[in-house]
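Here are some notes on the model you sent, set out as numbered points. They deal with the contact between the chains, then with the symmetry, then with a few backbone details.

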There are 2 protein chains.
Amino acid sequence: MTPGDVPEGESTVERRPPRLASPDEAAEVARLLHDFNVEFDTPTPDVEVLAARLRVLLAGEDTFAILAGSPAVAVALVTLRPNVWYEGLVALLDELYVEPELRGRGIGSAMIGLLLDTAVAWGIDLIEINVDEADVDAQRFYERHGFSAGAVDSTERAFYFSRDLTS
Amino acid sequence: MTPGDVPEGESTVERRPPRLASPDEAAEVARLLHDFNVEFDTPTPDVEVLAARLRVLLAGEDTFAILAGSPAVAVALVTLRPNVWYEGLVALLDELYVEPELRGRGIGSAMIGLLLDTAVAWGIDLIEINVDEADVDAQRFYERHGFSAGAVDSTERAFYFSRDLTS
């Protein structure tokens with residue numbers, strides 16, 4: 001093996017930094033989002049449906065994804081929108097997933113690092129995340145990365161509410 | 001007075017349904033959002049700054065506002081974004097404000113009604129709202145209108161986290 005070679009079956013994730021996903025990598029993003037849903041027993045569209053949507057979304061201006069490893073073992077999905085309280089855009093981290101056997105190695109932190117660098121480069125003013133109430137580990141992870149519960153300028157936590165109009 | 005006339009100083013809010021705001025109504029939307037921040041002791045940009053942003057946002061495709069009354073006494077502000085889990089768009093109700101002396105008269109419910117009608121007409125698949133943990137009245141209000149805490153397909157509540165990159 002020469003330096004840079006990767007043993008068969010091993011991901012390059014620990015040697016290469018995470019990257020922004022191109023629209024050509026929609027299938028990789030879709031595969032990991034599908035794994036995420038399966039792991040957490042969430043109903044999930046077919047991988048092909050997700051991949052088709054992601055090919056469109058990743059080619060547009062409102063969505064980007066971060067991948068780590070080749071083959072990819074971690075994904076972050078981010079959507080952007082305007083907001084009246086900020087000059088710049090607001091980014092919502094819709095999903096962050098690292099394959100179970102590779103957790104605890106700093107991959108998630110490296111992905112948040114690229115998210116923050118990308119946000120600064122793109123003039124994004126606020127990053128938002130919804131975290132399950134019981135997932136204290138995830139809450140601590142985001143707090144370590146500078147996030148806090150509740151709205152800006154408020155010490156009060158806020159709950160995420162939603163209404164699905166498709167069912 | 002003929003029917004339809006409004007005594008000086010009285011709003012038409014209780015006789016006319018809420019409406020989608022045009023970009024020309026940006027100043028009205030801005031005035032109410034500013035009142036909202038002042039009431040809740042939240043730092044707020046100048047009304048002129050908000051109005052200038054809203055003239056742009058309301059003319060675009062990612063933001064709409066609902067107003068009630070003339071002069072307006074209630075506002076809702078909604079931003080749209082794509083989401084991989086849905087074919088259609090996801091709407092976030094960023095703000096809903098009714099002037100204090102007019103609360104409890106069904107104005108907020110009428111505005112949520114127009115929000116839901118608009119969402120259906122525009123093919124929006126999900127509506128999201130962040131509600132302060134302590135604001136049990138608001139949580140009950142949204143639950144009455146079909147919203148629930150936590151993600152879709154989950155019984156678990158989720159907290160809203162954010163990181164402001166401007167400070």
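1. A salt bridge is taken here as a side-chain nitrogen of Lys or Arg within 4 Å of a carboxyl oxygen of Asp or Glu. With that rule, the count between chain A and chain B is six salt bridges. Over all chains, the structure holds 18 salt bridges. Please keep in mind that this is a predicted model.

2. One of the salt bridges pairs the side chains of E87(A) and R53(B), at 3.1 Å from N to O. There is also a salt bridge between E87(B) and R53(A), whose closest N and O atoms are 3.1 Å apart. In this second pair, E87(B) sits in the loop between β3 (74–81) and β4 (89–98) of chain B, while R53(A) belongs to helix α2 (residues 47–59) of chain A, so the pair joins two chains.

3. How many residue pairs are in polar contact across the interface of chain A and chain B? The rule finds 32 such pairs, with both residues at pLDDT 80 or more. On the side of chain A that touches chain B, strand β5 (residues 124–132) of chain A gives the largest share, nine residues. Sorted by class, this side of chain A has 31 nonpolar, 13 polar and 17 charged residues.

4. As for extent, 61 residues of chain A are in contact with 61 residues of chain B. The two chains bury about 5,900 Å² between them, and 58% of that area is on carbon and sulfur atoms. In chain A, the residues that lose the most area to chain B are W85(A), F159(A) and F161(A), which together make up 16% of what that side buries.

5. Strand pairing also crosses from one chain to the other. Strand β7 (residues 158–164) of chain A pairs with strand β5 (residues 124–132) of chain B in the antiparallel sense, over seven bridges. Within this region, Y160(A) has N130(B) of β5(B) as its bridge partner.

6. Now the symmetry. Two copies of a chain are related by a rotation about an axis and a shift along it. A turn of 180° with a shift of 0.0 Å along the axis lays chain A on chain B with an RMSD of 0.0 Å. This is the relation of a two-fold axis. In chain A, the C-alpha nearest the axis belongs to F159(A), 2.3 Å from it. The same surface serves both copies, with 100% of the contact residues of chain A recurring in chain B.

7. Which peptide bond of chain A is cis, with omega near 0°? The bond from S70(A) to P71(A) is cis, and P71(A) lies in the loop between β2 (63–68) and β3 (74–81) of chain A. In chain B, the peptide bond from S70(B) to P71(B) is cis, with omega near 0°. P71(B) is found in the loop between β2 (63–68) and β3 of chain B.

8. A last backbone point concerns D41(A). Its phi is positive, about 55°, although D41(A) is not a glycine. D41(A) is placed in the loop between α1 (26–39) and α2 of chain A.

Note on methods:
Residues are numbered from 1 along each chain as its sequence is written. Chains are lettered from A and ligands numbered from 1 in the order in which they are written. This is a predicted model: local features need pLDDT of at least 70, side-chain atom pairs count only at pLDDT 80 or more; totals for chains, interfaces and linings use all residues. Side-chain values use heavy atoms; hydrogens and water are left out. Contact means heavy atoms within 4.5 Å. Buried area is the accessible area (1.4 Å probe) that two parts lose on being put together, summed over both. A polar contact is a pair of N or O atoms within 3.5 Å; within protein, one must be able to donate a hydrogen and the other to accept it, and residues adjacent in sequence count only if both atoms are side-chain atoms. Helices (H or I, at least four residues) and strands (E, at least two) are DSSP runs, numbered from the N terminus. Ala, Val, Leu, Ile, Met, Phe, Trp, Tyr, Cys and Pro count as nonpolar, Asp, Glu, Lys and Arg as charged, and the others, Gly among them, as polar. Two strands pair if DSSP finds at least two bridges between them. Copies are superposed by least squares on the C-alpha atoms of residues with pLDDT of at least 70 in both.
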